[in-house]
Each structure stands twice: as structure tokens, then as C-alpha cells.
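This report covers selected side-chain interactions in one structure. The sequence and the model come next.

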Amino acid sequence: STWPIKGSVDKLSIDIWSLDKQDERGSAFFMGNASLLEPVVLETDSETTFDISTDVRVTASPDSVLLVARLARDCGPLAAREETKLRFQVKDPLVRVLNIP
């Protein structure tokens, strides 16, 4: 589709949550944050891809027992498919709209 407006995403942060792929009503566990590496220009009539950076470390602690068990079940050596389910919640975007024709 035609998008006649040029703009940019200057700031973007994301909260990352682990979801239970076997139970839609299962608990969501917070894993960490991610952020936009650098501002992204959104050109007129174009598709734009960009990278988000994060460093999630899960350490063994009483608070992470259920998350570690879920990740071991979903991605460990006995998993049929080494994949898990995540939720990415966009927080605090800073977007500028430029050159409105």
C-alpha cells in the first residue's frame, strides 16, 4: 500500500515474556527488556526492517524455577521441537512524522 508520510522511530523498548505454549491460560514469566539499537527511518512507499537488541540471562534462583523448567521442557535436549512461545510488549515508542505532503 502507498504510505505518503516519511518518519522515524527514534526510541523503542520491549518487554519480553515467556508464555506456556501448552496452556493458553498458563502464567507469563517476565524475562527482560530489549531496545532499538539506533533510530530507524521509515521512508515513503517502502518496507523497513530493523534490529532490536537484548541480553536475557536466566539464572537459577527460587524466583526462576518455573521459567527454567518451561525453557528446559520447550528447548532442552528432550524437546521434540526446540522452540518456545514469547510475548513482546512494545513500550515507550518515540516516533516522529516528517515531510507530510
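## Contacts of Ile14

Contact here means heavy atoms within 4.5 Å. The model is predicted. Leaving out residues up to four places away in sequence, Ile14 touches Gly32, Asn33 and Ala34. Ile52 is also touched by Ile14, as are Phe88, Gln89 and Val90.

## Nonpolar core

Ile14 also belongs to the largest nonpolar core. This core has five residues. The other members are Ile16, Met31, Ala34 and Leu67. Strands E1 and E2 each supply at least two residues of the core. Ala34 thus appears twice: as a core member and among the contacts of Ile14.

As general background, nonpolar side chains in soluble globular proteins tend to be buried together.

## Aromatic pair

How many aromatic pairs does the count give? The count comes to one. The pair is Trp17 with Phe30. Their ring centres lie 5.2 Å apart, and their planes meet at 70°. Planes over 60 degrees apart count as edge-to-face, so the pair of Trp17 and Phe30 is edge-to-face.

The pair links distant parts of the chain. Trp17 sits in strand E1, residues 6-19. Phe30 sits in strand E2, residues 29-36. The two are 13 residues apart. Trp17 is partly exposed, at 23% relative accessible area. Phe30 is partly exposed too, at 41% relative accessibility.

## Salt bridges

Eight salt bridges are found in a search of the whole structure. One of them joins the side chains of Arg73 and Asp20, at 3.0 Å from N to O. Arg73 lies in helix H1 and Asp20 in the loop between E1 and E2, so this bridge ties together parts that are 53 residues apart in sequence. Arg73 is partly exposed, with 33% relative accessibility. Asp20 is buried, at 13% relative accessible area.

Arg57 forms a salt bridge with Asp55. The closest N and O atoms of that pair are 3.2 Å apart. Arg57 is exposed, at 66% relative accessible area. Asp55 is exposed as well, at 56%. Another bridge joins the side chains of Arg81 and Glu83, at 3.2 Å from N to O. Arg81 is exposed, with a relative accessible area of 55%. Glu83 is partly exposed, at 36%.

## Asp74 and its surroundings

Asp20, Arg73 and Asp74 are linked in a network of salt bridges. Asp74 lies in helix H1, residues 65-75. Is Asp74 buried or exposed? Its relative accessibility is 0%. Buried means under 20%, so Asp74 counts as buried.

The side chain of Asp74 makes a polar contact with the side chain of Thr84, at 2.7 Å. Which residues is Asp74 in contact with, leaving aside neighbours within four places in sequence? They are Lys21, Ala79, Arg81, Glu82, Glu83 and Thr84. Two of these names recur: Arg81 and Glu83 also meet in a salt bridge with each other.

Technical notes. Residues are numbered from 1 along each chain as its sequence is written. This is a predicted model: local features need pLDDT of at least 70, side-chain atom pairs count only at pLDDT 80 or more; totals for chains, interfaces and linings use all residues. Side-chain values use heavy atoms; hydrogens and water are left out. Rings of Phe, Tyr and Trp (its six-membered ring) pair if their centres lie within 6.5 Å; planes under 30 degrees apart count as stacked, over 60 as edge-to-face and the rest as tilted. Helices (H or I, at least four residues) and strands (E, at least two) are DSSP runs, numbered from the N terminus. Buried means under 20% relative accessible area, exposed over 50%, partly exposed in between (1.4 Å probe, protein chains only). A polar contact is a pair of N or O atoms within 3.5 Å; within protein, one must be able to donate a hydrogen and the other to accept it, and residues adjacent in sequence count only if both atoms are side-chain atoms. A salt bridge is a side-chain nitrogen of Lys or Arg within 4 Å of a carboxyl oxygen of Asp or Glu. A nonpolar core is a set of buried Ala, Val, Leu, Ile, Met, Phe, Trp, Tyr and Cys residues joined through side-chain atoms within 4.5 Å.
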